[in-house]
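Got the viewer open? Here is a walk through the model, one selection at a time.

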Amino acid sequence: MTKTQNATQNISVPNHNLEVLRKHFSHCFDKNGDFDFEKFKKELATHEINFSKEGYGMDWLGKSYARLLASDPARTLLKEDKEWNKKPENKNSDNLLIKGDNLEVLKHLSNAYHEQVKMIYIDPPYNTGSDGFVYQDDRKFTVEEFQKLAGVDEEKAKKILSFINSKSNSHSAWLTFMYPRIYIAKQLLRDDGVIFVSIDDNEVAQLRILMDEIFGEESFVGNIAWESKTKSQNTKDSFNKLQPKVEYILLYTKKDQRRFNLIQKGEKQYPLNDDRGEYRDYPLEVMNADGMRGRESMIFEIEGISPPQGKQWKLGQDTISIYKSRGDLFVRDGKIVLKMRPDDEKSELTEPFWWLLNKEIGTAESAKKELSTVLENNKHGFETVKPTNLIKRLVFHSATTNDLILDFFAGSGTTGDAVMQLNAEDAANGKGGKRKYILVQLPETIDPIKNKTAYDYVKNELGIAEPTIFEITKERLVKAGKKIADTSGFKIFETQPIWEDYEFEAEEFNSQATLFDESKLSAEGVKTLLTTWKTFDNIPLTQDLQEIDFGGYSGYYGNEKLYLMDVGFNTGNLKKLLEEIDNNPVFNPTIIIVFGYHFESKSLREISENISLYANKKSIDIDFITRY
Ligand SMILES: C[S@@+](CC[C@H](N)C(=O)[O-])C[C@H]1O[C@@H](n2cnc3c(N)ncnc32)[C@H](O)[C@@H]1O
């Protein structure tokens, strides 16, 4: 198969729902590929599915815009920090720190990391009025474009676009910002994955309904209250109101919440096993009979045994009879023993997790000090840091050994620190903790006047000409790693805008007439395209492509895909390439992708024809894609 793709400008989140519909309800699509909703509804009705009549939902000005943002293609490419990534400590790392707007980054990750992430933690702007949140967006849709893309009338399109451009910090603006990010993030979660979102009173109500809409109300697991302040502060706004002392962390699962077990194996051990699964011995304890607890009902005979004088059984007759009926009750040395299984203790173990006391976890204040300790100075200027213990606790309960953890509002990088610390603790206990992280952080400018100390720190001590918060994230990760002798390192990538003159329709492109001006596309630019494309083609960012030589021309190979990016490919190179397929047992490309701008159309034809005609010894079917 031969085809032409304009991938560079079409990196968007794949619509997996549509794939599911096409697969299972192909008969509900007409011959033009349009979906017949009425037919689908009838089909569902025959399966006795009830349609909700409640008509309840969430709407805000900008919702259609927010939906569009979730499906609109990325406007950037992904570039690697070559110098950083080839350092010995980073070169084999599975951790990532990505610089850029997280909406762009999430779009880039949406193929290679589809359903790969076990746990997401985010700590977005709370929209407190003083945290600097304003809605900003450089997508410049015209009224006509927006009308067409969002399917709204002219009047509504004008109203929404004017709202989007107004730099607002209303609830609507915040929701418009959050919706597409959380929507895409969900696609990255594994089926057994979970997401935790930090928030405070300003937006907790909006967030809860937004999360219900995106994840489904059934996926709500709970709301964790974290006492973030030891002392209340009287502010102008809170005068005459209750003093805010807690922040919240909303917890949702990707799918069915029964799949998610907050109990970390190892907290309670179930060392024994029978055909019904794991269990531990539980001698049925007795406790003092105190009348208050319904003494009569807790004192009875089981298997001819009664509790001693003045004592009572710890469990009631009904509960004990459940153990008995399932064969999990026996007598040993004159004592009653139950087989206690993980499910029996679930509620008891999950309960305390919903209230995280500051003594154990730390507060917003202690977290700032903690960051100063890690950075070995107090010049960071961060006001919204989370304590590492808080994030460690969340990670501990939701991600084990090799799981991937994502935080796309990284801030000072607490999540990366927490992951490294947990891995180190695992290693100290003889367990192989190799959790991996992906952190995303905007290169948000540090204000040289309002935040002078942090600005000077990044400029003078870290040597960065234009100080941004990203540099603090990076420094924290390095220093936090050193502190605990972590050697996992991390790789850095960043988004960059697509080159301005990269605008054309691939189908109309005539390579002989207008070969892309090479002086604009440096060798580094070609590498950037390659990084972006490989991620689009499902190859993880941390996986390097293998460079293969075809008689003086280098190709890049990984996951059965071969990329030919550079100029100068000739017939001799093609011959070598075909020989390599025949003779190299670990070189089995099923797709060859060439960068159209660097190939004459004659040469494209030659490669395509040879590939389809040449019967390679391994009988691999190879697709040929010319990509722009
Ligand atoms: C509340 S802070 C996170 C603090 C973090 N949990 C910690 O412990 O340090 C939110 C961070 O998200 C970043 N941010 C805001 N908008 C962003 C965006 N669109 N893409 C990436 N990062 C963003 C901000 O620069 C800020 O550093």
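Start with the whole chain in cartoon view: the secondary structure comes to 21 helices and 22 strands. Keep in mind that you are looking at a predicted model. Along the principal axes, the C-alpha atoms fill a box of roughly 100 × 65 × 60 Å. Switch on the surface and you have about 32500 Å² of accessible area, with 48% of that belonging to carbon and sulfur atoms. Of the 628 residues, 48% count as buried. If you like contact maps, here is one for you: among contacts with a separation of 6 or more, residues 24 or more positions apart account for 75%.

Now select the ligand and the residues around it. There are 19 of them, and the ones that come nearest are Asp123, Ser412, Thr414, Gln441 and Glu444. Colour this shell by residue type and you get 7 nonpolar, 7 polar and 5 charged.

Next, show some distances from the ligand:

- Asp123: a polar atom of its side chain lies 2.8 Å from a ligand nitrogen.
- Asp101: here too the side chain is involved, with an N or O atom 3.0 Å from a nitrogen atom of the ligand.
- Lys386: this time look at the backbone, where a polar atom is 2.9 Å from a ligand oxygen.

How much of the ligand's accessible area does the protein cover? On its own the ligand has 610 Å², and the protein covers 93% of that.

Move on to strand 6, residues 220-227. Of its 8 residues, 6 are buried, so the strand is largely enclosed by the rest of the structure. Add residues 246-253, which make up strand 7: the two strands pair in the antiparallel sense over 7 bridges. To see the register, pick Glu227 and look across to Val246 in strand 7, which stands opposite. While you have sticks on, remember that side chains in a regular strand alternate between the two faces of the sheet.

Step back to Ser219, in the loop between helix 9 (204-215) and strand 6. Is Ser219 buried or exposed? It counts as buried, because its relative accessibility is 6%. Its side chain reaches back to the backbone oxygen of Phe215 at 3.0 Å. Leaving out neighbours within four places in sequence, Ser219 is in contact with Leu251, Tyr252, Thr253, Lys254 and Lys255.

Now jump to Asp486, in the loop that runs between helix 18 (469-483) and strand 17 (491-497). With 22% relative accessibility, Asp486 counts as partly exposed. Draw a distance from its side chain to that of Ser488 and you will find a polar contact of 2.6 Å. Beyond residues up to four places away in sequence, Asp486 touches Met420 and Gly481. For one more distance, select Asp417: its C-alpha is 9.9 Å from that of Asp486, although the two are 69 residues apart in sequence.

Last stop: two asparagines with a backbone quirk. Most residues other than glycine have a negative phi. Asn538, however, has a positive phi of about 75°. You will find Asn538 in the loop between helix 19 (523-536) and strand 18 (546-549), and at 43% relative accessibility it is partly exposed. Then select Asn559, where phi is also positive, at about 45°. Asn559 lies in the loop between strand 19 (554-558) and strand 20 (561-564), and with a relative accessible area of 38% it is partly exposed.

Key:
Residues numbered from 1 in each chain as written. Predicted model: local features only at pLDDT ≥ 70, side-chain atom pairs only at ≥ 80, totals over all residues. Heavy atoms only, no water. Helix = DSSP H or I, 4+ residues; strand = E, 2+ residues; numbered from the N terminus. Buried < 20%, exposed > 50% of the residue type's maximum accessible area, 1.4 Å probe, protein only. Contact = heavy atoms within 4.5 Å. Polar contact = N/O pair within 3.5 Å; in protein donor to acceptor, adjacent residues only side chain to side chain. Near = heavy atom within 4 Å. Areas by Shrake-Rupley, 256 points an atom, 1.4 Å probe, with all protein chains shown as cover. Nonpolar A, V, L, I, M, F, W, Y, C, P; charged D, E, K, R; others polar. Pairing = 2+ DSSP bridges.
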